[in-house]
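Visitor: Hi, I've got a structure open and I'm not sure where to begin. Can you walk me through it?

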Amino acid sequence: MKKHVPLSILYTLLIVYALGYLSIEFFENYGWTLFLLAPFLLGFLPSFFISNVESVSKKKSFILGFLSLSIACLGLIILGIEGVVCIFLSLPLFIVATFFGVLLVHRVNAQKINRPKFILVIIFAYILSFFALDYVSYTDDLIPVTSNITIEAPIDTVWKNTIKNTKISKPDYLLDKFGITYPKEIIFNGEGIDAIRVYNFSTGNYLQSVTKWEPPHLLAYATEKTPTHIVENNPFWSEIYPLHLTGYFVSVKGEIKLTELSSSTTKAEKTTWYKIHMTPILYWKLWSNAIVERFHQSYLKELQLNSER
């Protein structure tokens, strides 16, 4: 078996990398094909190739599958295609898909379905189906995230701090050290409708045009420019710029709503509406919602601190 392992993994990597290239560079999709089908094939194909010349146990199938996954991920980093953070965020999907790939190939081997051409035709059909699934799964639906905080200050005081220039303390999160963006400062250019709110992040500026200015209750804005949300860290390359850094997470609009709970207490709510162009959306929403919530909390805690002084 040892002499067949390198070739089986090599053939698998070539197929999976070609699949990834088509998905990203040709179809411009970060979706089901990339995050589920590709790792599924990493679990399935090595044992499938070897099983045509000798038997493969379930244990060896698992070793081959997850060894292939590890080499594939390491290769993405060494070749400068991806950074450490994005591999980390994708890893749960990769592991689950590889696991099912291994289970299926073991079932195929156990049933002694010795029809490699037939299996390869089915795999090709799956590839076409997943490309189609990526296409139909594309959506421009807005995803809202709302966070709130209670501030022990009159509503007029909170409003004044909502519309003034504010520096935001750097959050102490592990992901920040790996390149995830974080808010630094808010600068207002003008007052009222059409004023520009510059939301300065560690990776660049959000330019936000004010659409509602209703003192002391509501400030709403539309986002006209969005910076990258991650600076990719790669131990082998000083700078990389994967396609998904632009246009796959897009902040569209937001608002800050103040509600007077009493003469000395105010509820502040911050809502952001954004689009995400990566699938499966339910999975990526878990990460993006958590990151947006972190942005909100950084701002709201600064608003609370400034208002309660």
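Guide: Sure! Keep in mind that this is a predicted model. Where do you want to start?

Visitor: With the sheet. What order do its strands come in?

Guide: The order is 1-8-7-6-5-4-3-2, in an open sheet of eight strands with antiparallel pairing.

Visitor: And which strands stand at the edges?

Guide: Strand 1 and strand 2 (166–167) do. Each has a single partner strand, so one side of each is left without a neighbour in the sheet.

Visitor: Let's zoom in a bit. How many bridges join strand 3 and strand 4?

Guide: Six bridges, in the antiparallel sense, between strand 3 (residues 183–189) and strand 4 (residues 196–201). One pair to look for is asparagine 189 with its bridge partner in strand 4, isoleucine 196.

Visitor: OK, helices now. What does helix 6 touch in the sheet?

Guide: Helix 6 (residues 155–162) packs on the sheet and touches several strands, including strand 1, strand 5 (204–214) and strand 8. Its direction makes about 160° with that of strand 7 (249–262).

Visitor: And which strands does helix 7 lie across?

Guide: Helix 7 (residues 281–307) lies across strand 1, strand 2, strand 3, strand 4, strand 7 and strand 8. With strand 1, helix 7 makes an angle of about 25°.

Visitor: Switching topic: how many salt bridges are there?

Guide: The count comes to two salt bridges. In one, the side chains of lysine 275 and aspartate 140 meet at 3.7 Å, N to O.

Visitor: Where in the chain do those two sit?

Guide: In distant parts, 135 residues apart. Lysine 275 is in strand 8 (residues 265–276), while aspartate 140 is in the loop between helix 5 (116–137) and strand 1 (143–151).

Visitor: What about the other salt bridge, which residues make it?

Guide: Glutamate 269 and lysine 267, also with 3.7 Å from N to O.

Visitor: Is glutamate 269 buried or exposed?

Guide: Buried, because its relative accessible area is 18% and the cut-off for buried is under 20%. Lysine 267 has 27%, so lysine 267 counts as partly exposed.

Visitor: Last thing, the nonpolar core. Which residues touch the most other members?

Guide: Phe35, Phe44, Leu219, Trp284 and Tyr299, out of the 75 residues in the largest nonpolar core. Helix 2 (residues 32–51) gives the largest share of this core, with 10 residues.

Visitor: What does leucine 219 touch?

Guide: Leaving out residues up to four places away in sequence, its contacts include Trp159, Phe188, Val210, Trp213 and Ile256.

Technical notes
Residues numbered from 1 in each chain as written. Predicted model: local features only at pLDDT ≥ 70, side-chain atom pairs only at ≥ 80, totals over all residues. Heavy atoms only, no water. Salt bridge = Lys/Arg side-chain N within 4 Å of Asp/Glu carboxyl O. Helix = DSSP H or I, 4+ residues; strand = E, 2+ residues; numbered from the N terminus. Buried < 20%, exposed > 50% of the residue type's maximum accessible area, 1.4 Å probe, protein only. Pairing = 2+ DSSP bridges. Contact = heavy atoms within 4.5 Å. Axes fitted to C-alpha atoms, helices over the stretch in contact; angles between N-to-C directions. Core = buried A, V, L, I, M, F, W, Y, C linked by side-chain atoms within 4.5 Å.
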